[in-house]
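Visitor: Please take me closely through one part of this model. Start with confidence, then go to the geometry.

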Amino acid sequence: MISGGHKACPYVTGAFSDGDEIRTKKMGAEVLNVEFFRQCFNEFPDPVIVADTEGRVRFLNHAAQTLTGRAIKEESPLAWSDFLRLDGDPSLRALPDRCLEQGSLNGVQVRLKKHTGDWAPFALSAQLTRDRDGRLTGCVAVVREASSSPGNEDTFLKGPISSSIINNFPMPFYTVDTNLTITYMNDHLEKVTGYSRDEVVNRMTCAELLRTEQCHTKDCAIKQAMLNRTPIAGLRRVIHDREGRKIPVAAHASMITDSEQNVIGGFEAIRDITPLVEAEQKIGMITEIAQQGILMAEENRRIVFANSKMGEMFELPKEELIGRDISELLPLQHLKIIEGLVKKVDPDHPQQMLLCSTIQPFSPSLQEYRAFETCIIVSLVGKSVLTYVFFRDITKNIEVERQLHNANSFLNNIIRSSADGIVVVDDEGKVLIFNEGAERILGYRAEEVVGKQIASSQIYSPEVAREIMRLMRGNDYGPPGKITSLRVTLVRRDGEDVPVSFSSAIIKKDDREIGSVGIFSDLRERIRIRKELEEAKIQLMQTEKIASVGRLAAGVAHEINNPLSGILLYADMLVKELADNPQWSADLQEIIDQTLRCKEIVTRLLEFSRQSVGQRVPFEINHTINRSAELLARQSLFHDIEFVIDLQPDIPQMTGDPGQLQQVFTNLIINAGSAMNGKGKIVITSRFDPECEEVSLQFADSGLGIDPDIMNKIFEPFFTTKRPGEGTGLGLSVVYGIIQQHGGNIEVKNSELGGAIFTMTLPLECPEDNIEFTC
Amino acid sequence: MHTIIVVDDEKVIREGLRRLLSLEGYRVLTAENGRVALDLIRSGCVDVVLCDLKMPVMGAVEVLEEVRRTHADLPVVIVTGQGSMDNAIECMKKGAYDFVTKPFRTDFLLSVLKCAIERLPPPPRLQKLPF
């Protein structure tokens with residue numbers, strides 16, 4: 001008998017179905033060659049039943065007629081369900097289905113209604129039958145009593161039924177004996193291998209015919225089936241044809257046993273799966289070159305496919321991923337997603353998909369976290385639910401994006417925090433960037449102008465705009481399209497002109513002008529500092545000029561003292577000697593007076609030329625000012641002058657030479673009194689600046705002020721506006737010298753209300769290097 | 001008759017003072033520098049020394065130091081220009097009787113010398129001290 005697990009060829013599906021009208025019409029009962037079966041099986045010892053595709057019994061041999069007590073009559077067709085039932089299925093409906101599924105039936109347990117009316121157990125073997133054109137015509141069945149012997153197997157195999165079954169088998173097929181010598185091969189196998197049956201049967205082993213890698217090994221499918229007495233289905237093999245061409249096949253093998261269940265041989269059917277393998281190779285190539293990790297798992301969560309990229313991600317060869325449970329590899333988050341998707345899948349919704357991103361340490365050996373974009377698809381394929389997982393490693397993308405973001409942030413910070421103003425506009429003049437520097441210089445807030453068109457007239461005059469555009473197109477200030485360090489005047493929001501150093505460039509993309517950038521530095525502070533430096537330089541020169549004149553004068557004065565002493569000594573003596581002559585006395589007195597005047601000049605010169613403060617003692621500046629004012633206020637010159645003394649009361653004690661400073665204040669007050677011709681107002685103020693620790697003093701008069709032409713000369717020695725003999729021109733020089741020696745500064749300007757204002761600043765502490773300790 | 005020694009490198013001053021002081025009834029010795037003056041002082045007949053501050057060979061400071069060592073009670077009056085005021089003050093600290101700044105009025109000089117001879121305190125100063 002034949003046993004095995006061959007599946008039915010699909011095109012016979014439904015051949016026994018009573019409801020299959022198409023097949024009934026196409027395959028009429030008249031096609032069945034009943035006479036052939038009569039000649040073959042009429043005298044066959046076992047009951048043989050032949051039925052057409054509509055289930056009508058068309059032939060019963062003698063044994064069958066005897067057993068069932070029935071005969072074929074044209075007027076009353078006999079259905080085989082009238083006397084055959086499948087065990088457990090009285091309608092026998094499952095029998096055709098099984099025959100169609102398996103292509104043949106071997107030893108199926110059935111009940112047969114004997115001529116006695118009893119339903120007895122029988123074993124039924126059946127085979128589909130076809131005409132010469134291969135069309136299905138019906139089937140032939142042999143029944144034996146369940147307990148009866150199957151008879152001589154060799155006889156059975158070589159019998160017409162078996163030959164019919166084997167020859168009609170739709171796949172390449174062969175049988176072997178226990179030595180693996182081929183005992184039969186069908187036409188299909190002849191076509192596939194290129195060998196004829198005569199060359200092979202009883203002459204070659206299956207290994208010699210097929211030459212697979214597994215031949216002569218324990219993996220030989222037919223050998224395994226015979227040894228293990230177990231059918232094997234769907235093993236992939238590569239056979240070679242006569243020309244040596246490789247042919248991928250799916251092999252199905254089983255053993256052949258005798259009635260004693262001894263293995264007496266084996267058979268193998270192969271199916272050419274070249275298109276499938278080629279398709280798999282194409283898909284495999286696609287999955288291998290894919291930058292995504294791809295794996296596929298069956299419903300039992302076992303991985304059945306993984307590409308190399310996926311292997312790289314798990315740091316394993318992809319082959320080692322096959323067979324693993326996905327829970328070994330995927331994080332809980334993904335497993336939950338898969339679980340959820342599996343629940344949603346049903347025939348109406350055969351595919352479920354979800355995209356997610358995860359950041360995780362993908363492998364324990366990887367210290368750094370990596371980011372993945374994951375696509376999980378759960379799909380219903382046939383009756384199986386397959387899970388596909390696609391991983392895309394986006395760690396580098398994120399890193400690049402992060403670096404790009406950082407670089408952008410860095411550049412934005414540079415632009416934002418630049419002290420220079422930076423303005424970027426597009427080709428329509430719409431402001432794209434307006435940094436803090438631009439806000440500060442131009443007085444607009446960024447949110448007021450960004451995204452809006454800014455009229456050039458808002459920030460510079462039309463003339464400047466035209467000039468900038470002209471220069472931008474020329475070579476005068478940098479190459480065309482650029483301006484470098486052009487001095488222009490911008491207009492602030494409040495209308496104030498702002499001189500700036502202006503650089504500009506046209507921004508291009510693919511030779512197309514898409515905008516422009518302007519960078520400008522505020523020059524106001526620079527100009528102010530330059531002006532101050534120039535003023536300081538002038539002041540320094542003035543100071544040096546005054547000092548050099550002072551040194552010269554002091555040197556001369558010292559030498560003059562001796563001859564003056566001689567003149568005065570002799571004049572005094574002459575006055576005494578000529579006391580009786582008034583005419584001479586008067587002349588001598590004039591000599592003495594002029595000599596004393598010289599002495600006064602020399603005294604002032606020497607005071608002026610002193611390079612150091614006489615002493616350094618603590619004193620109250622307000623007290624010194626008051627004392628100077630009180631002493632002078634009593635003198636006749638000041639009788640018609642109003643003193644306004646406005647002194648800050650809490651000025652800290654200062655150190656320096658109060659005597660010298662009293663001389664300063666005295667000189668300034670006398671100077672003011674003279675300037676007002678003895679009539680007017682003198683305002684004296686003192687203020688303390690705690691931050692600078694400086695005292696500021698002002699002596700203002702209500703006179704005519706100082707002629708601006710001589711303003712910068714009034715501190716020079718011997719410079720005086722008084723007539724000869726009325727002033728030495730040293731009073732303000734002495735003032736200047738003393739203030740300088742105290743580390744202070746003195747300036748003069750005219751008041752808008754008239755009169756001159758002398759402003760002095762003095763540090764609380766007189767600098768040490770200006771002190772000469774004399775006591 | 002009291003003896004005053006005038007020490008000054010300026011001949012005009014020496015001779016002028018010799019004439020002035022002689023007219024006032026003093027015996028006058030003159031010296032053109034400190035070294036000559038010290039020789040005369042050692043003769044032991046000098047009552048007051050009138051000494052210019054700055055002189056070649058030996059100035060008033062050295063003269064003062066030597067006189068203080070050999071003639072502790074001998075008054076020394078320093079004559080100085082205003083540019084050397086600080087040195088004059090230093091001399092006062094070293095024991096000078098008084099100082100007179102050039103150019104001086106004869107009346108003031110005579111009053112200083114008179115007080116010095118009589119070992120009286122110096123007369124009130126018309127010139128203001130710089131401190």
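**Confidence first, then one helix pair**

Guide: In chain A, residues 148-156 keep a pLDDT under 50 (the predictor's confidence in each residue, 0 to 100). The model still gives them 11 contacts beyond four places in sequence; a contact means C-beta atoms, placed from the backbone, within 7 Å. This is a predicted model: local features need pLDDT of at least 70, side-chain atom pairs need 80 or more, and totals for chains, interfaces and linings use all residues. Residues count from 1 along each chain as its sequence is written, while chains are lettered from A and ligands numbered from 1 in written order.

Chain A averages a pLDDT of 81, and 85% of its residues score at least 70. Residues 1-30 of chain A fall below 50. That stretch has 59 contacts beyond near neighbours in sequence.

Now the pair. Helix α22 of chain A covers residues 621-633, and α23 of chain A covers 658-675 (DSSP runs of H or I, at least four residues, numbered from the N terminus). Their axes lie 9 Å apart, at about 45° (lines fitted to C-alpha atoms over the stretch in contact; angles from 0 to 180 degrees between N-to-C directions). So α22(A) is oblique to α23(A): not under 35 degrees, over 145, or 65 to 115. The crossing is right-handed, the near helix being turned clockwise from the far one by less than a right angle.

Which residues meet? From α22(A), they include A:Thr624, A:Ile625, A:Arg627 and A:Leu632. From α23(A), they include A:Leu661, A:Gln662, A:Phe665 and A:Ile669. By class, the contact of α22(A) with α23(A) has eight nonpolar, four polar and one charged residues (nonpolar: Ala, Val, Leu, Ile, Met, Phe, Trp, Tyr, Cys, Pro; charged: Asp, Glu, Lys, Arg; polar: the others, Gly among them).

Methods
Two residues are in contact if their C-beta atoms, placed from the backbone, lie within 7 Å. Helices (H or I, at least four residues) and strands (E, at least two) are DSSP runs, numbered from the N terminus.
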